[in-house]
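Trainee: I'd like to zoom in on one part of this protein and go through it slowly. Could you walk me through it once we have it on screen?

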Amino acid sequence: MDAMENGAPSVTNWGSGSPRREFLHSDDAAAACLHLLENYDGDGHVNVGTGTDVSIKELAAMVSDVVGYKGKTFWDSDKPDGTPQKLLDVRKMQEIGWSSQIDLGVGIKSTVDWYQRVSTTAPSTRPFRSCEAPLNHLGSASTTNTAFTTKNPR
């Protein structure tokens, strides 16, 4: 967003862009929690995710498209890539009748729309304007692998 708003001719992202990550919309995470509370009474953990991943390079292109950024994207391979892939096995959630409903592209669009709405408000209510702040509606398996257990440990 900043690069587009400031007319920057390019952005540089860390790494090669090849690592793959899974992203889950916060509304899907909330729906999964409710589904588990109503439909799961097992002892084991349950992974909540989409079961699909995208490369960081694909994600950057999606974000650029949604925000309308036309500049160039460079990759700084002197910076670390991190783990090559972070993807959850969501078969157990599917077996108990739940799967994510919000497509990554739709989630990115809703996050950008939210950002544009709140960034025109008073300064004290504006979102962070740096890469230190997480995406508003998207959670990443790159930072959190979500697992739920509905019973208290004994």
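Trainee: Which residues of helix 5 are buried?

Mentor: Keep in mind that we're looking at a predicted model. The buried set in helix 5 is Leu 104, Gly 107, Ile 108, Thr 111, Val 112, Tyr 115 and Val 118. They sit on the same side of helix 5, because they take up an arc of only 135 degrees around its axis. Now look at the face turned away from that buried side: there you'll find Val 106 and Arg 117, both exposed.

As for the helix itself, helix 5 runs over residues 104-118, so count 15 residues if you trace it. From its first C-alpha to its last it reaches 21 Å, close to the 21 Å expected at 1.5 Å a residue. Go to its N-terminal end and you'll see Asp 103 acting as a cap. One of the side-chain oxygens of Asp 103 lies 2.9 Å from the backbone nitrogen of Gly 105.

Helix 5 also turns up in the surroundings of helix 3, so that's a good next stop. The buried residues of helix 3 are Leu 59, Ala 60, Ser 64 and Val 67. These line one face of helix 3, since seen down the axis they fall within an arc of 135 degrees. What do they pack against? Helix 5 is one of the partners, and the others are helix 1 (2-5), strand 1 (10-14), strand 3 (23-25), strand 5 (54-55) and strand 6 (72-76). Helix 3 covers residues 56-67, and its end C-alpha atoms are 16 Å apart, which agrees with the 16 Å that twelve residues should span at 1.5 Å a residue. Right after helix 3 comes Gly 68, with a positive phi near 80 degrees.

Strand 5, from that list of partners, also belongs to an open sheet of three strands in the order 5-2-7, with mixed pairing. Strand 5 and strand 7 (85-86) are its edges, each pairing on one side only. Strand 2 (residues 20-21) pairs with strand 7 in the parallel sense over two bridges, and Arg 20 has Gln 85 as its bridge partner there.

Stepping back, the protein chain has five helices and nine strands. Of its 154 residues, 29% count as buried. If you take contacts between residues at least 6 apart in sequence, 90% of them join residues at least 24 apart.

Conventions: Residues are numbered from 1 along each chain as its sequence is written. This is a predicted model: local features need pLDDT of at least 70, side-chain atom pairs count only at pLDDT 80 or more; totals for chains, interfaces and linings use all residues. Side-chain values use heavy atoms; hydrogens and water are left out. Helices (H or I, at least four residues) and strands (E, at least two) are DSSP runs, numbered from the N terminus. The expected span of a helix is 1.5 Å times one less than its number of residues. Buried means under 20% relative accessible area, exposed over 50%, partly exposed in between (1.4 Å probe, protein chains only). The arc is that of the directions from the helix axis to the C-beta atoms. A polar contact is a pair of N or O atoms within 3.5 Å; within protein, one must be able to donate a hydrogen and the other to accept it, and residues adjacent in sequence count only if both atoms are side-chain atoms. Contact means heavy atoms within 4.5 Å. Two strands pair if DSSP finds at least two bridges between them.
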